[in-house]
Amino acid sequence: NPLQGAQFTLAAHRVRQLPADEGAEVAFAGRSNAGKSSALNALTGHRGLARTSKTPGRTQQMVSFALPPLAQGEGESPLEARLIDLPGYGYAKVPEELREHWKLEIDAYLHHRASLRGVVLIADIRHPLKEFDRMMLEFCFTTGLPCHLLLTKADKLSRGQATQALAAMRKSFRDGLHATAQVFSSTAGTGVEEARTRVVELLRT
Ligand code: GTP
Ligand code: MG
């Protein structure tokens, strides 16, 4: 597992508190309670790495995890890589001011973070994409930022239903969108290998 050995670096309330904008990073985004932190743990193979919770609104900071340096081509030095767990979006019980704060910070992060190589967007496979998810895909479409969509909690559906949901999702992508999508489940381990491969690919972009 190339994502094994990830380590917590810091939790930031603002973009400028994040680690130096060097190397490569991939951000985990999605609505509150979608399963971002759980996906991060499944991918790194480290159960307790990112804090998860039944209560939406658990992650209230931008949390940075350092990966072991990724080997690159011959003659190139290893790539410094990070994963960033973004605060969940759209949870009504989070105070309005804080929601506004994260809206602005996530926006600033996406627009100005030079080391950002791609976004892993996490959405519940049982529900249609919500406004935040569609905005994120639209942002990726306009800026050309690659995006990988994890349709998670697939353990809640039959295999047939999950495959259908994935096909419908792919069909809904507009032409020119640099997005890929897959079925995923943090609890059942579905699609974990595929997602790891994609994250490494994004980091190396
Ligand atoms: P916030 O930090 O609050 O934005 O949430 P999050 O997106 O990080 O979600 P988190 O990983 O904390 O998971 C939210 C809830 O969904 C927890 O109760 C998890 O156990 C559950 N969950 C996450 N992934 C899966 C999955 O693949 N299958 C099932 N059945 N439950 C999941
Ligand atoms: Mg979280």
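What follows is a short chat between a student and an author about the structure above.

Reader: Before we start, what sort of model is this, and how are things numbered?
Author: This is a predicted model, in which local features need pLDDT of at least 70 and side-chain atom pairs count only at pLDDT 80 or more, while totals for chains, interfaces and linings use all residues. Residues are numbered from 1 along each chain as its sequence is written, and chains are lettered from A and ligands numbered from 1 in the order in which they are written.

Reader: Okay, in what order do the strands of the sheet sit?
Author: The open sheet has seven strands in the order β1-β3-β4-β2-β5-β6-β7, with mixed pairing. Its edge strands are β1 (7–12) and β7 (179–183), each of which pairs on one side only. Strands here are DSSP runs of E with at least two residues, helices are runs of H or I with at least four, and both are numbered from the N terminus; two strands pair if DSSP finds at least two bridges between them.

Reader: How many bridges join β1 to β3?
Author: Five bridges join β1 to β3 (residues 62–70), and the two strands run antiparallel. Within β3, valine 63 is the residue that stands opposite alanine 11.

Reader: Changing topic, which residues have the most contacts inside the largest nonpolar core?
Author: They are Phe28, Val119, Leu121 and Leu151, in a core of 52 residues. A nonpolar core is a set of buried Ala, Val, Leu, Ile, Met, Phe, Trp, Tyr and Cys residues joined through C-beta atoms within 7 Å. A residue is buried if 20 or more other C-beta atoms lie within 10 Å of its own, exposed if 12 or fewer, and partly exposed in between, with C-beta atoms placed from the backbone. Strand β5 (residues 116–124) gives the largest share of this core, six residues.

Reader: And what is leucine 121 in contact with?
Author: Leaving aside neighbours within four places in sequence, leucine 121 is in contact with Ala29, Gly30, Asp133, Met136, Cys147 and Leu149, where contact is defined by C-beta atoms, placed from the backbone, that lie within 7 Å.

Reader: Which residues come nearest to ligand 1?
Author: Of the 23 residues around ligand 1, those that come nearest are Gly35, Ser38, Thr52, Thr59 and Gly88; a residue is near a molecule if its C-beta atom, placed from the backbone, lies within 6 Å of it. Helix α1 (residues 36–44) provides the largest share of this shell, three residues.

Reader: Why is α1 largely enclosed?
Author: Nine of the nine residues of α1 are buried, so the helix is largely enclosed by the rest of the structure. The cover over those buried residues includes β2 (24–30), β4 (79–85), β5, β6 (147–152) and α5 (192–204). After α1 comes glycine 45, with a positive phi near 70°.

Reader: Where is asparagine 33, and is it buried or exposed?
Author: Asparagine 33 is in the loop between β2 and α1, and it counts as buried because it has 20 C-beta neighbours inside 10 Å. Its phi is near 75°, a positive value in a residue other than glycine.

Reader: What does proline 2 touch?
Author: Proline 2, in the segment before β1, touches Leu70, Arg196 and Val200, not counting residues up to four places away in sequence. Proline 2 and proline 68 are 66 residues apart in sequence and 8.1 Å apart in space, C-alpha to C-alpha.

Terms used. Contact = placed C-beta atoms within 7 Å.
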